[in-house]
Amino acid sequence: MGNRVSNRRDPLVTFGLAVIALAAAVSSFSALYGVAMSAGWTRDMAPMFPITIDATAMVSTRIWLAGNTATDAARRYARTVAVGSVIVSLLGNAAYHLTEAGVIHPGVVLVIAAGAVPPIALAVVAHLAVLRGAEPVEESAFEVPEQVAEMIAKTPEIPAPTPTPIAPARVPQKPVNAPPEPVRVPVPRPRQPVTQPRQTAVPRDG
């Protein structure tokens, strides 16, 4: 007998996943919190920065991998958002540790990037919610009405015109062993002599 697939959950695996998720969330939260503080956020608003990024990644991943996602468009968009959120989290963690190590110093780029995250996340999540709530388009919506189908069926088919073949033009061909044609050289005409008019002697007076 083949191996049977059991749907029972392993408590040890579930516990391990929970521990890994908690440790990663706390570590990422701490690093992103430090980025927000370096970018000039207040102590009360700085926690919103890591919550925005990590919550966007978690929700989009859930929609991407859930079996009840209605449309493929929502699934593809959720996948894109999930990967993008993870990349943003990685960049934030890297920026925090590089700053703490003294390799880089917070500047204008960090301030602008940290301030752009919340509005972008809001727009992305709103679009994701619209795609998730959209119902799949049924094929019946594109069916042709019966009256139109009957009219199409009764329309007589018009035969395509038959093209008239065009006979190739006949070009006279010379025989292979035909002698070459003689070359005609123009013969110059003889020039006629030019006759001088005779002069009549005029008698002189005594």
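Which residues make up the largest nonpolar core? L32, V35, A36, A39, W41, A46, F49, I53, L110, A114 and V117 do, eleven residues in all. This is a predicted model. The protein has five helices and zero strands. The points below start with the overall build, then go to the core, the surface and a few single residues.

**Overall build**
- Along the sequence, the pattern reads α-α-α-α-α.
- The protein has 206 residues, and buried residues make up 18% of them.
- The exposed area of the protein is about 18,200 Å². Carbon and sulfur atoms supply 63% of that area.
- Take the contacts with a separation of 6 or more. Residues 24 or more positions apart account for 61% of these.

**The nonpolar core**
- The largest nonpolar core includes L32, W41, F49 and L110. Three elements give two or more residues to this core: α1 (11-38), α2 (48-65) and α4 (108-133).
- V117 is one of the core residues. Leaving out residues up to four places away in sequence, V117 touches F49, T52 and I53.
- F49 and I53 also belong to the core.

**The nonpolar surface patch**
- F29, M45, M48 and I51 make a nonpolar patch on the surface. Its area is about 340 Å².
- M48, one of the patch residues, lies in helix α2.
- Is M48 buried or exposed? M48 falls in between: it is partly exposed, because its relative accessible area of 38% lies between the 20% and 50% cut-offs.

**R43, in the loop between α1 and α2**
- R43 sits in the loop that lies between α1 and α2.
- R43 counts as exposed, because its relative accessibility of 58% is over 50%.
- Beyond its neighbours within four places in sequence, R43 is in contact with Y33 and M37.
- R43 and Y33 are ten residues apart in sequence. Their C-alpha atoms are 9.0 Å apart in space.

**T69, in the loop between α2 and α3**
- T69 has its place in the loop between α2 and α3 (72-100).
- T69 is buried, because its relative accessible area of 8% is under 20%.
- Which backbone oxygen does the side chain of T69 reach? The side chain of T69 reaches the backbone oxygen of I63, at 2.6 Å.
- Not counting residues up to four places away in sequence, T69 touches I63, A74 and R75.

**S85 and L91, two residues of helix α3**
- S85 is found in helix α3, and L91 has its place in helix α3 as well.
- S85 is buried, because its relative accessibility of 8% is under 20%.
- L91 is exposed, because its relative accessible area of 57% is over 50%.
- Which residues does S85 touch, not counting those up to four places away in sequence? S85 touches I53, T56 and A57. I53 is one of the core residues.
- S85 and S60 are 25 residues apart along the chain, and their C-alpha atoms are separated by 8.8 Å.
- L91 and L32 are 59 residues apart in sequence. From C-alpha to C-alpha, L91 and L32 are 9.5 Å apart in space. L32 is one of the core residues.

**To take away**
- The predicted model has five helices and zero strands.
- Its largest nonpolar core holds eleven residues, and α1, α2 and α4 each give two or more of them.
- T69 is buried and S85 is buried, whereas R43 is exposed and L91 is exposed.

Technical notes:
Residues are numbered from 1 along each chain as its sequence is written. This is a predicted model: local features need pLDDT of at least 70, side-chain atom pairs count only at pLDDT 80 or more; totals for chains, interfaces and linings use all residues. Side-chain values use heavy atoms; hydrogens and water are left out. A nonpolar core is a set of buried Ala, Val, Leu, Ile, Met, Phe, Trp, Tyr and Cys residues joined through side-chain atoms within 4.5 Å. Buried means under 20% relative accessible area, exposed over 50%, partly exposed in between (1.4 Å probe, protein chains only). Helices (H or I, at least four residues) and strands (E, at least two) are DSSP runs, numbered from the N terminus. Contact means heavy atoms within 4.5 Å. Patches are made of residues with over 30% relative accessible area and no salt bridge: like charges are joined within 9 Å, nonpolar side chains (Val, Leu, Ile, Met, Phe, Trp, Tyr) within 5 Å. Accessible areas come from the Shrake-Rupley method with a 1.4 Å probe; for residues, only the protein chains shown count as cover. A salt bridge is a side-chain nitrogen of Lys or Arg within 4 Å of a carboxyl oxygen of Asp or Glu. A polar contact is a pair of N or O atoms within 3.5 Å; within protein, one must be able to donate a hydrogen and the other to accept it, and residues adjacent in sequence count only if both atoms are side-chain atoms.
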